[in-house]
Amino acid sequence: MLVLLFAFGMQDARSQSCSISAASGSYGTVDILSGSSVDTTATFSVNCTGTNNKTVRLCVELSPGQTNTAGNRRLASGSDRLVHELYSDSSRTTVWGSWGLATTAYSLFPAGTTYDLNLGSSGSAGVTMTVYGRVFANQTTSGPGSYSWTMTTAPAAGYDYKTGSTPACPTGTRQTTSTGSAWTATINANCTVSASSVNFGSVGVLASNADTTGSITVRCTNSTPYTIGLGAGSGSGATVANRKMTSGARTVTYSLYSDSARTTVWGNTIGTDTSAGTGSGLDQVYSVYARAPAQTTPAPGAYSDTVVVTVTY
């Protein structure tokens with residue numbers, strides 16, 4: 001009698017299932033007055049189970065999110081907006097968009113990211129993906145505040161087993177979404193200041209007034225009130241009304257004014273003799289009117305003084 005023994009085997013064929021986590025990020029405190037871009041990153045994970053050694057094609061999307069208008073993504077603080085974008089590459093050239101497969105379509109950038117995940121012999125695998133964020137440069141008119149932007153159902157992904165006939169993304173009969181992601185930034189009230197020198201040039205006998213002008217440039221965050229004060233200078237015994245340029249022990253008395261008529265001395269007492277303004281996020285230029293009045297002319301020489309400019313906000 002001949003007995004034949006056959007061994008039968010069956011590959012574990014399980015339905016695929018994927019989950020995706022949130023991708024929240026923070027730009028921290030943004031120095032908006034510098035006009036520079038600000039970069040940050042965030043990560044999220046996708047985990048799938050299914051048939052051993054199968055490959056799952058993931059079509060991963062990031063929606064346009066809230067506070068987005070016809071243009072790029074925007075963080076919001078009240079009515080203020082701060083434009084930012086999310087990218088799939090570290091060089092920040094490819095915007096991470098959405099086809100509208102598993103979350104809201106991003107019409108401006110209608111393409112997400114494709115990733116093929118091999119489940120291996122265990123039938124289970126995961127991948128950590130990085131989102132590269134950037135706050136755009138030259139948004140100096142955005143005011144101080146806490147900014148935020150959210151996408152309520154993203155990251156999201158459509159997915160299915162990859163076969164020889166699997167089309168390019170967007171594809172996938174199954175979908176997964178995260179609980180949503182938030183990105184934040186903070187702009188603090190801030191000011192910068194610079195000044196041009198006040199130069200009387202070459203002057204002979206000081207028998208009459210010698211006049212000249214200089215300038216102060218202030219840049220403060222939008223809507224930030226500020227005052228500009230000018231110190232008495234470094235001359236011994238100087239006051240804001242009678243500043244002193246020196247050359248060794250010799251001095252030339254002069255004054256600085258906030259008006260062209262040279263009647264309002266510019267000092268450093270807030271509410272009394274300072275100048276005030278409100279920031280716009282752009283440069284605001286103030287003229288400084290200088291006068292060396294008629295006085296006994298000291299010996300020839302190069303006379304100078306250093307006056308501290310103080311911006312209080």
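1. A residue is termed buried when its relative accessible area is under 20%. By that cut-off Tyr 254 is buried, because its relative accessible area is 5%. The structure discussed here is a predicted model, and the points below should be read accordingly.

2. Confidence. The mean pLDDT of the protein is 94, and 95% of the residues score at least 70. Residues 1-13 have a pLDDT below 50. Beyond near neighbours in sequence, this stretch has 5 contacts in the model.

3. Aromatic pair of Phe 200 and Tyr 254. The structure contains 5 aromatic pairs, one of which involves the Tyr 254 introduced above. Its ring centre lies 6.3 Å from that of Phe 200, and the planes stand at 75 degrees, so the pair is edge-to-face. The two residues are 54 positions apart in the chain: Phe 200 belongs to the loop between strand 13 (191-195) and strand 14 (210-220), whereas Tyr 254 lies in strand 17 (residues 250-257). Phe 200 also counts as buried, at 17% relative accessibility.

4. Aromatic pair of Tyr 27 and Trp 183. Here the centres are 5.7 Å apart and the planes meet at 45 degrees, which makes the pair tilted. This pair, too, links distant parts of the chain: Tyr 27 is in strand 2 (residues 25-29) and Trp 183 in strand 12 (residues 181-187), with their positions 156 residues apart. Tyr 27 is buried, with a relative accessible area of 6%. Trp 183 is likewise buried, at 0% relative accessibility.

5. The sheet of 4 strands. An open sheet is formed by 4 strands in the order 7-4-10-11, paired in antiparallel fashion. Strand 7 (113-118) and strand 11 (174-177) occupy the edges. Each of these two has a single partner strand, so one side of each lacks a neighbour in the sheet. From one strand to the next, the twist averages 25 degrees.

6. Strands 4 and 10. Within this sheet, strand 4 (residues 55-61) runs antiparallel to strand 10 (residues 156-161), and 6 bridges join the two. Val 56 stands opposite Tyr 161 of strand 10.

7. A charge over a ring. Which residue lies over the face of Tyr 161? It is Lys 54, at 5.4 Å from the ring centre. Tyr 161 thus appears in two of the descriptions in this note, facing Val 56 across the strands and lying beneath Lys 54 at its ring.

Note on methods:
Residues are numbered from 1 along each chain as its sequence is written. This is a predicted model: local features need pLDDT of at least 70, side-chain atom pairs count only at pLDDT 80 or more; totals for chains, interfaces and linings use all residues. Side-chain values use heavy atoms; hydrogens and water are left out. Two strands pair if DSSP finds at least two bridges between them. Axes are lines fitted to C-alpha atoms, for helices over the stretch in contact, and angles run from 0 to 180 degrees between N-to-C directions. Rings of Phe, Tyr and Trp (its six-membered ring) pair if their centres lie within 6.5 Å; planes under 30 degrees apart count as stacked, over 60 as edge-to-face and the rest as tilted. Buried means under 20% relative accessible area, exposed over 50%, partly exposed in between (1.4 Å probe, protein chains only). A charge sits over a ring if NZ of Lys or CZ of Arg is within 6 Å of the ring centre and within 35 degrees of the ring normal. pLDDT is the predictor's confidence in each residue, from 0 to 100. Contact means heavy atoms within 4.5 Å.
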